Amino acid sequence: MDRRRLKNLYAKEAVEFLNHVIEEKPLLPFLIPLGFFAWAIERWLVPFSNWIPMAFAVWATIEYGSFRRQLLIEGMNRRWKHLILHSTPVTPLEPCAWLNKLLMEVWPNYMEPKLSLKFSSMAESRLKERKPKLIEKLELQEFSLGSCPPNLGQNGVHWVTVGEQNVMRLDFEWDTNEMSVLLLAKLAKPLMGTARIVINSIYIKGDVLITPILDGQALLYSFESTPDVRIGVAFGSGNGQTLPATELPGVSTWLVKILTETLARMMVEPRRACFSLPSRDLRKKAVGGLLSVTVVSVSNLHVNSVKRNSVESPQCSLASSQSSADFGNQIEQTFIEVELGSLSRKTNFSRGSNPAWNSVFNLLMHGDSGIIRFHLYDGGPDSVKLNYLSSCEIKLKYVADDSTTFWAIGPKSGVLAKHVENCGQEVKMVIPFEDTNFGELTIRLVLKEWQFSDGSVTMSRSSNGLQSSMYGSSNLLLGTGRKLSISVVEGRSLTTKDKSGKCDPYVKLEYGKALQRTKTIYHTTTPVWNQSFEFDEIGGGEYLKIKCYNAEKFGDENIGGAKVSLEGLLEGSCRDVWIPLEKVSSGELRLQIQVTRNSGHEGHWNSPQRSFSAGWVELVLIEARDLIAADLRGTSDPYVRVHYGNLKKRTKVIYRTLNPQWNQTLEFPDTGSRLVLYVKDHNAVLPETNIGDCEVEYEMLPPNQVADKWIPLQGVRSGEIHVRVTRRIPEQQNKQKNSSQASSFSTAHEISGKMREMLKKLEGLVHEGDTESLSLSINALKSAQDAQEGYIVSLEREKTLLLNKINELGHELMRSSSSPSSSPY
């Protein structure tokens with residue numbers, strides 16, 4: 001019976017194959033008889049030849065193989081369609097288990113330090129803006145997200161299609177008790193004193209939507225709805241002043257409210273954040289930018305759907321469109337208010353359902369990202385009351401490959417995204433207003449420049465590319481040793497609340513703890529001061545704060561302010577900028593900023609200045625052993641706080657151990673500062689205990705060579721820390737440095753030769769009496785003398801270190817020679 005079935009199966013397959021061949025080769029029925037006839041003739045002429053049947057057999061084998069492959073492909077396609085049509089869009093087995101495992105691996109050493117650094121600055125500014133009346137002053141002292149990452153996709157991954165875009169939906173849950181955020185609060189009256197607020201746990205649960213954009217160059221992510229948020233808070237006393245360790249009234253509720261509102265404003269649908277996936281990382285930190293915004297027009301503004309709100313606060317209208325009254329179907333005149341941070345500008349009024357403005361504004365941006373909001377108002381130039389109608393926004397972000405990404409909410413909550421590779425390229429976007437049927441706003445954006453912490457400025461191609469190439473290499477110093485000369489030149493279009501238009505402006509400059517003020521210019525909105533002030537440079541990204549006032553008899557009126565980033569300033573260059581004033585409708589101040597080196601300051605360790613372009617210091621904190629016990633249970637909760645000049649970073653906390661393993665990598669720009677490690681015992685409420693410190697020597701390391709060492713901790717009876725330190729230098733600069741070290745004598749002879757030539761030239765100019773050329777030559781001679789002094793200082797330092805190494809080697813040889821030999825005779 002089985003043989004009959006097999007014969008029938010083979011016969012059926014042979015028939016299908018024959019039908020397939022006949023369909024593919026329609027001339028085959030005519031060629032087969034012709035082939036048999038040729039074979040018969042060939043057999044009659046050459047009796048022992050069989051090449052025609054062999055060729056036919058090879059051809060049939062090839063055709064049969066092709067037929068089987070086609071059947072296999074059709075079967076796989078049928079099974080795939082059946083799987084798609086009869087299965088849910090949830091990944092089988094354990095969804096995203098691989099992703100959570102990968103996240104657990106990269107979280108401690110890569111993601112947690114970067115996210116902690118980013119969120120700490122955001123949290124500090126947000127908390128200071130929204131602090132309760134119970135707290136007079138708030139300071140963020142520590143910020144660590146802990147070693148426990150969030151869990152993604154525990155209930156599966158769903159793919160949905162919105163328009164032409166694929167969106168991935170997965171659940172997000174973050175429940176950790178290992179985070180450490182320490183806030184030092186100065187309490188207001190009648191409580192007085194200080195208190196420590198410690199956030200030691202957080203719980204966030206929601207559904208996350210991830211949308212790939214720009215052909216996979218970036219991802220937009222957001223919560224589908226406002227997530228569930230809970231925060232664990234502990235309280236204690238600070239600075240030795242007593243305070244009961246009980247909950248302060250309303251602090252937990254205040255923190256939860258701030259976090260929930262921040263998430264709702266930044267990354268709850270349809271508002272999305274962006275994560276870029278650049279092809280390369282140039283390791284440049286953007287600290288600010290200059291943006292040109294052109295508000296072109298609004299199209300299809302439907303008057304029948306216009307609902308008007310009071311002009312009190314656009315943010316309130318954005319948060320909740322409530323209690324809006326219909327004032328009829330007639331729009332008087334409309335204008336757009338452009339807002340970037342605290343900076344806002346307004347267009348003129350325009351009539352009709354398709355108003356056009358073509359108004360151009362230059363906006364300053366702080367940091368590497370920004371949100372440009374556009375608010376639509378209805379009213380008139382002489383109206384007492386303006387009506388808020390609707391809003392929309394565009395977000396932009398610097399990408400690590402020196403490009404820029406723009407994105408916005410599109411029609412039907414879709415995505416509009418643009419990507420420009422160079423500054424100066426124009427981006428045109430047509431964005432709908434958030435409320436339905438309010439029309440679309442046409443915007444043109446040109447990012448004129450990005451400013452970086454290493455002193456370079458990426459500008460449009462029409463501005464000759466990098467500004468650093470115009471002034472030579474960057475000589476940015478993190479510490480003191482330089483002076484800032486800031487000239488307040490003039491102002492224009494200043495505002496005043498006085499109906500007569502009278503304005504008596506003056507300017508206050510605040511930098512660190514130093515405060516300076518210009519003179520008052522009377523009866524003008526376009527004052528000219530031309531006053532210069534000097535400040536000692538402060539490292540760590542300190543801003544110059546500007547406040548402009550209108551002098552009055554009964555209290556001066558604030559007519560705008562601004563913050564100016566002073567990172568990336570080059571010695572010998574002059575930055576001439578117009579600064580738009582924030583929190584006012586118009587007004588700009590012109591500043592000229594110069595940097596000079598303080599000749600009276602020798603710098604740290606008398607070392608020559610070093611720039612960020614020289615590379616960076618890579619410190620790997622591996623482990624520690626034999627630490628002292630700081631707790632009563634005989635263990636410690638150690639972590640390491642790293643001080644590098646004015647920069648401070650820290651590792652994660654390893655709980656209940658005297659032999660912790662961190663395996664964490666930290667990086668610092670190579671400025672020649674001291675690298676000091678402080679090992680601390682973590683404590684959520686009580687003051688933390690220092691369980692040792694040490695200094696890491698790295699100055700004499702050859703470029704890109706790793707030093708692996710155990711360093712004893714100072715100030716304690718036991719304890720060592722295991723580190724690896726490397727001075728990373730790019731390949732090109734490494735070659736330049738090696739070549740410069742190889743030609744030390746030629747460098748010295750070159751400097752001496754230049755100084756001799758300058759002296760001869762000076763003698764000739766003295767006899768000729770050319771004072772202008774003489775002044776220029778004297779300045780050039782001073783520069784050469786400074787270079788010679790720096791070179792001599794570096795040689796002296798290398799000499800001292802070399803002598804110390806020789807002495808240590810001599811002591812080692814003496815100890816080895818004095819010890820008895822253990823080798824047998």
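**Exercise 1. Where does Leu214 lie, and between which strands?**

Start with the ground rules. This is a predicted model, where local features need pLDDT of at least 70, side-chain atom pairs count only at pLDDT 80 or more, and totals for chains, interfaces and linings use all residues. Residues are numbered from 1 along each chain as its sequence is written, and side-chain values use heavy atoms, with hydrogens and water left out.

Step 1. Leu214 sits in the loop between strand E5 (194-213) and strand E6 (218-223). Helices (H or I, at least four residues) and strands (E, at least two) are DSSP runs, numbered from the N terminus.

Step 2. Now look at the backbone: phi of Leu214 is near 55°, a positive value in a residue other than glycine. That's worth a glance because most residues other than glycine have a negative phi, and most peptide bonds are trans.

Step 3. Lys412 also has phi near 55°. Its place is the loop between strand E16 (403-409) and strand E17 (415-420). Lys412 counts as exposed because its relative accessibility is 82%; the cut-offs are under 20% relative accessible area for buried, over 50% for exposed and partly exposed in between (1.4 Å probe, protein chains only).

**Exercise 2. Get an overview of the chain and of the confidence in it.**

Step 1. Take the confidence values. pLDDT is the predictor's confidence in each residue, from 0 to 100. The chain has a mean of 75, and 71% of its residues reach 70 or more.

Step 2. Pick out weak stretches. Residues 238-246 stay under 50 in pLDDT, and the model has 16 contacts for them beyond four places in sequence (contact means heavy atoms within 4.5 Å). Residues 304-313 stay under 50 as well, with 35 such contacts.

Step 3. Add up the fold. The chain comes to 10 helices and 36 strands, and buried residues make up 41% of its 825 residues. Among contacts between residues at least 6 apart in sequence, 65% join residues at least 24 apart.

Step 4. Check the outside. About 46800 Å² is exposed, with carbon and sulfur atoms supplying 54% of it; accessible areas come from the Shrake-Rupley method with a 1.4 Å probe, and for residues only the protein chains shown count as cover.

**Exercise 3. Which residue does Arg641 pair with in a salt bridge?**

Step 1. The partner is Glu142, and the closest N and O atoms are 2.8 Å apart. A salt bridge is a side-chain nitrogen of Lys or Arg within 4 Å of a carboxyl oxygen of Asp or Glu.

Step 2. This pair links distant parts of the chain: Arg641 is in strand E30 (residues 638-644) and Glu142 in strand E1 (residues 135-144), 499 residues apart.

Step 3. Compare the two ends. Arg641 is partly exposed at 24%, whereas Glu142 is buried at 7%.

Step 4. Follow Glu142 to Ser180. Leaving aside neighbours within four places in sequence, the contacts of Ser180 include Glu142, Arg650 and His682. Ser180 lies in strand E4 (residues 180-187) and is buried, at 4% relative accessibility.

**Exercise 4. Describe the surroundings of the cis peptide bond, then trace a salt-bridge network.**

Step 1. The bond from Glu269 to Pro270 is cis, with omega near 5°. Pro270 is in the loop between helix H5 (251-267) and strand E8 (273-276).

Step 2. Glu269 also forms a salt bridge with Arg272, the closest N and O atoms being 3.0 Å apart. Arg272 is buried at 7%, while Glu269 is partly exposed at 26%.

Step 3. Move on to Arg373 and Glu393, a salt bridge whose closest N and O atoms are 3.4 Å apart. Arg373 lies in strand E14 (residues 369-379) and Glu393 in strand E15 (residues 387-399), so the pair ties together parts that are 20 residues apart in sequence.

Step 4. Arg373 is buried at 10%, and Glu393 is buried at 6%. Both belong to a network of salt bridges that links Arg271, Arg373, Glu393 and Glu434.

**Exercise 5. How many disulfides does the structure hold?**

Step 1. The count is zero, with a disulfide taken as a pair of cysteine sulfur atoms within 2.5 Å.

Step 2. Look at two cysteines anyway. Cys148 is partly exposed at 23%, and Cys423 is buried at 6%.
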